[in-house]
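I opened my notebook for another structure and sat down to look things up one at a time. Here is what I wrote as I went along.

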Amino acid sequence: MLDAFVSAFFILFQPTNFAFLVLGILVGSFFGLIPGLNGVIAIALLLPFTLLFSPEAALPLIIGLLAVTTTADSITAVLIGTPGTAGSQATVLDGYPMARNGEAGKALGACFFVSGIGGIIGAIFLSLSVPIFKPMVLSFGLAEFLAMGILGLSMVAVLTGTNPLKGVIAACIGLMLAMVGPDPINLIGRWTFGTDYLLDKLNVVAVALGFFAVPELIDLLAGGQPIHAGDGRISGKMNGIRESMKHKRLIFGSSVLGSFIGFLPGMGTVVANWVAYSCAVIFCKPNDRFGKGDIRGVIAPESANNASVGGALIPTLAFGIPGSTATALMLAALWMQGITPGQSLLTSQLYLVYLVIWSLTVANILGALLAYAFTDQFAKLANVRIEILAPLIIVCIFAGSLLDTGQYGDILVLLVTGVFAWCMKHLDWPRPALMLGFVLEPLLELNYFQATMVFGWHWVTRPIVMIILGIAVVGVVLGYRSRMR
Amino acid sequence: MQRRIISNLAFEAFLIVALAVLTYQAHDWAGETRLFPYAVGRLALVLTVVVFVQEALGLWRLRKTPAAEDAAAEVEAPEDDGLPDENSPAFIARAVRELLWVLGYCGAIGLAGFSGGTFVFLFAYFKVRAGMSWVQGLLWAGGSTAVMVVLFVKLASMRPFEGLLWKLWT
């Protein structure tokens with residue numbers, strides 16, 4: 001394990017791999033900065049490119065991107081009261097009043113500093129979990145992985161919106177989309193409608209871009225909101241760092257809380273951001289300044305949202321169960337690289353897990369330094385006219401979906417899923433539940449047939465399977481109850 | 001409120017028809033090929049019908065008691081946070097217009113290939129939507145297309161999609 005830990009460090013610092021990490025950080029910062037764009041869109045856009053590189057280059061690229069969107073998104077949250085991504089919503093509550101009180105630099109300094117610390121604590125949380133989950137995953141067989149697939153699907157309960165039935169239907173549609181093409185046993189084409197294109201599985205990149213990039217861009221363009229993040233010089237950032245250092249316990253507590261929330265399926269940065277803020281208001285005394293420009297109201301949510309990224313990677317890497325849209329897309333990237341999360345990743349490819357951990361650590365440090373050094377320029381970048389930026393991103397989306405196979409069918413898939421997803425978005429149908437079904441279907445169907453061939457129906461009575469299915473049932477009940485309240 | 005429910009009903013009606021067709025097709029398949037699609041399709045179909053009936057009943061109740069609609073509208077009214085209301089008719093109309101641009105780009109690629117379609121789309125968009133002058137639009141669209149072609153076709157080895165016009169020509 002130590003070998004893998006050390007070798008991953010040296011792999012990351014090979015010039016090419018490190019360059020990809022930096023590229024991921026730059027792209028992630030840009031997407032975090034522009035309100036309306038986010039890490040999910042960025043990963044979806046970069047997904048086709050990851051095919052072209054080795055896993056040692058592709059993983060730092062994706063992790064670099066994932067890690068820093070929650071750092072850069074605080075710039076617009078503080079300066080104009082508009083969170084760059086949903087993960088910094090709570091930061092607005094005290095960050096924006098601080099900016100209006102003339103303390104923008106102090107707020108941003110605190111944001112960048114605690115984001116870096118929070119991200120590092122998240123990476124430590126992830127690395128500590130490897131020795132715990134490794135023996136568990138190694139004891140798993142076909143039946144247990146099938147049960148894990150069912151557990152993953154049960155997360156629809158928490159990924160769904162206010163109507164649980166819509167969540168289940170969306171997950172079923174995702175499962176059905178993934179069934180298009182050859183079945184895993186007899187390789188007979190399903191729902192091909194007589195076309196050659198559909199004899200293959202649907203292009204995961206085109207589906208991901210269609211469901212998460214197209215609707216957001218359309219709405220961004222339709223909104224037509226001018227973004228003005230200011231163009232003046234922002235000073236006083238060092239004061240923010242000094243002030244933050246007086247709240248070490250708050251940073252540590254919020255980061256641990258954020259890591260744990262990230263680990264829980266379906267939670268992620270948005271929940272971590274809000275829960276950490278709420279906990280700060282409850283436990284920090286005096287609390288009468290919260291909401292009026294209290295720096296603790298910036299420290300707690302910003303350290304938690306960065307830390308949650310590390311926590312969210314645990315179920316994805318250990319079991320291949322994505323708990324959020326971003327990790328579902330990352331799972332797709334791993335598949336495209338021929339990497340299967342779980343047993344083989346934690347044994348023969350353990351260095352890749354540590355590569356993720358090192359990338360996460362370094363990306364958080366570099367991301368915070370970059371944001372600190374270029375705050376003024378970043379603030380100006382947020383002023384880019386969306387009518388110029390968006391069509392270029394649309395071109396990237398189309399090219400990205402064409403990149404893998406070069407077939408016009410991929411563009412049609414992108415267009416159809418994009419329109420369908422836009423309707424879903426506006427009618428409050430949960431798109432993450434659909435994506436969860438789409439990425440879990442291969443795991444479910446193949447493992448089901450193999451497990452029933454080996455064990456018959458007795459696969460259900462295996463002890464670990466019963467425990468996992470029990471957790472799934474409890475998760476579904478608790479998830480639905482919390483939604484119904 | 002009523003408009004929203006009617007939109008939902010239309011979407012669900014579309015889903016019911018699509019799921020019914022897909023499930024009916026799966027019914028004819030054999031053994032392992034059929035098991036998952038048929039089971040999942042039937043479940044989705046039944047649940048969609050349930051949601052459709054729920055929404056239809058909700059609409060019926062609203063129409064029966066107009067006071068309930070006022071109360072619901074009051075509850076639904078968003079705070080004015082300076083952001084556009086993403087469900088207002090004006091917003092939806094603008095979004096549909098943007099979707100048509102995307103559809104146009106899709107058609108342009110089909111006809112003129114990736115490079116040609118991209119140039120036409122970018123130039124038209126910059127000229128019409130971004131309000132650039134002819135020269136500015138041409139320069140921006142030409143430059144951006146060149147960058148995209150280098151990035152995707154040359155560096156990322158994308159198979160250049162040639163388009164119908166080129167195929168007819170050759």
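**Entry 1: chain B**

I started with chain B, whose elements run α-α-α-α-α-α from the N terminus on. I noted that this is a predicted model. My tally for chain B came to 6 helices and 0 strands. I then looked up burial, and 38% of the 170 residues of chain B count as buried. For contacts in chain B with a separation of 6 or more, I found that 61% are between residues 24 or more positions apart.

**Entry 2: B:Ser115**

Next I picked out B:Ser115, which sits in helix H4 (residues 89–128) of chain B. Its relative accessibility is 35%, so I put B:Ser115 down as partly exposed. Which residues does B:Ser115 touch, not counting those up to four places away in sequence? I found B:Thr145 and B:Val149. I also checked B:Ser115 against B:Val53, 62 residues apart along the chain, and their C-alpha atoms are separated by 48 Å.

**Entry 3: aromatic pairs**

I turned to the rings and counted 27 aromatic pairs over all chains. I looked first at A:Phe5 and A:Trp358, a tilted pair with 5.0 Å centre to centre and 45 degrees between the planes. This pair links distant parts of the chain, since A:Phe5 belongs to helix H1 (residues 2–12) of chain A and A:Trp358 to helix H18 (residues 350–373) of chain A, 353 residues apart. Are the two partners buried or partly exposed? A:Phe5 has 29% relative accessibility and therefore counts as partly exposed. A:Trp358 has 19%, so I wrote it down as buried, the cut-off for that class being under 20%.

I then went to A:Trp429 and B:Phe11, an edge-to-face pair at 5.5 Å centre to centre, with 70 degrees between the planes. This pair crosses between chains: A:Trp429 is in the loop between helix H21 (408–426) and H22 of chain A, and B:Phe11 is in helix H1 (residues 2–27) of chain B. I have both A:Trp429 and B:Phe11 down as buried.

Back in chain A, I traced a cluster linked by ring pairs, made of A:Phe5, A:Phe9, A:Phe10, A:Phe13, A:Phe18, A:Tyr354 and A:Trp358.

**Entry 4: charges over rings**

I looked for charged side chains over ring faces too. A:Lys237 lies over the face of A:Tyr372, 4.9 Å from the ring centre. In chain B, I noted B:Arg34 over the face of B:Tyr38, at 4.4 Å from the ring centre.

**Entry 5: the second largest pocket**

How much space lies in the second largest pocket? I have it at about 860 Å³. Its lining is made of 35 residues, and A:Trp335, A:Met336, A:Val439, A:Pro442 and A:Leu443 lie nearest the centre. The elements of chain A giving two or more residues to this lining are helix H7 (142–154), helix H9 (164–179), helix H16 (325–336), helix H17 (343–346) and helix H22 (431–455). H22(A) gives the most, with 7 residues. By residue class, I split the lining into 21 nonpolar, 10 polar and 4 charged.

**Entry 6: A:Thr50**

My last stop was A:Thr50, in helix H3 (residues 39–50) of chain A. Its relative accessibility is 1%, so A:Thr50 counts as buried. Leaving aside neighbours within four places in sequence, I found A:Thr50 in contact with A:Ala58, A:Leu61, A:Ile62, A:Ala333, A:Met336 and A:Gln337. I had met A:Met336 before, among the residues nearest the centre of the second largest pocket.

Technical notes
Residues are numbered from 1 along each chain as its sequence is written. Chains are lettered from A and ligands numbered from 1 in the order in which they are written. This is a predicted model: local features need pLDDT of at least 70, side-chain atom pairs count only at pLDDT 80 or more; totals for chains, interfaces and linings use all residues. Side-chain values use heavy atoms; hydrogens and water are left out. On a 1 Å grid over the protein atoms alone, a cavity is a set of points where a 1.4 Å probe fits but cannot get out, and a pocket is an open set with protein on both sides within 12 Å along at least five of seven lines; lining residues have an atom within 4 Å of a point. Grid points are joined across faces, edges and corners, and a volume is the space filled by probe spheres set on the points. Helices (H or I, at least four residues) and strands (E, at least two) are DSSP runs, numbered from the N terminus. Ala, Val, Leu, Ile, Met, Phe, Trp, Tyr, Cys and Pro count as nonpolar, Asp, Glu, Lys and Arg as charged, and the others, Gly among them, as polar. Rings of Phe, Tyr and Trp (its six-membered ring) pair if their centres lie within 6.5 Å; planes under 30 degrees apart count as stacked, over 60 as edge-to-face and the rest as tilted. Buried means under 20% relative accessible area, exposed over 50%, partly exposed in between (1.4 Å probe, protein chains only). A charge sits over a ring if NZ of Lys or CZ of Arg is within 6 Å of the ring centre and within 35 degrees of the ring normal. Contact means heavy atoms within 4.5 Å.
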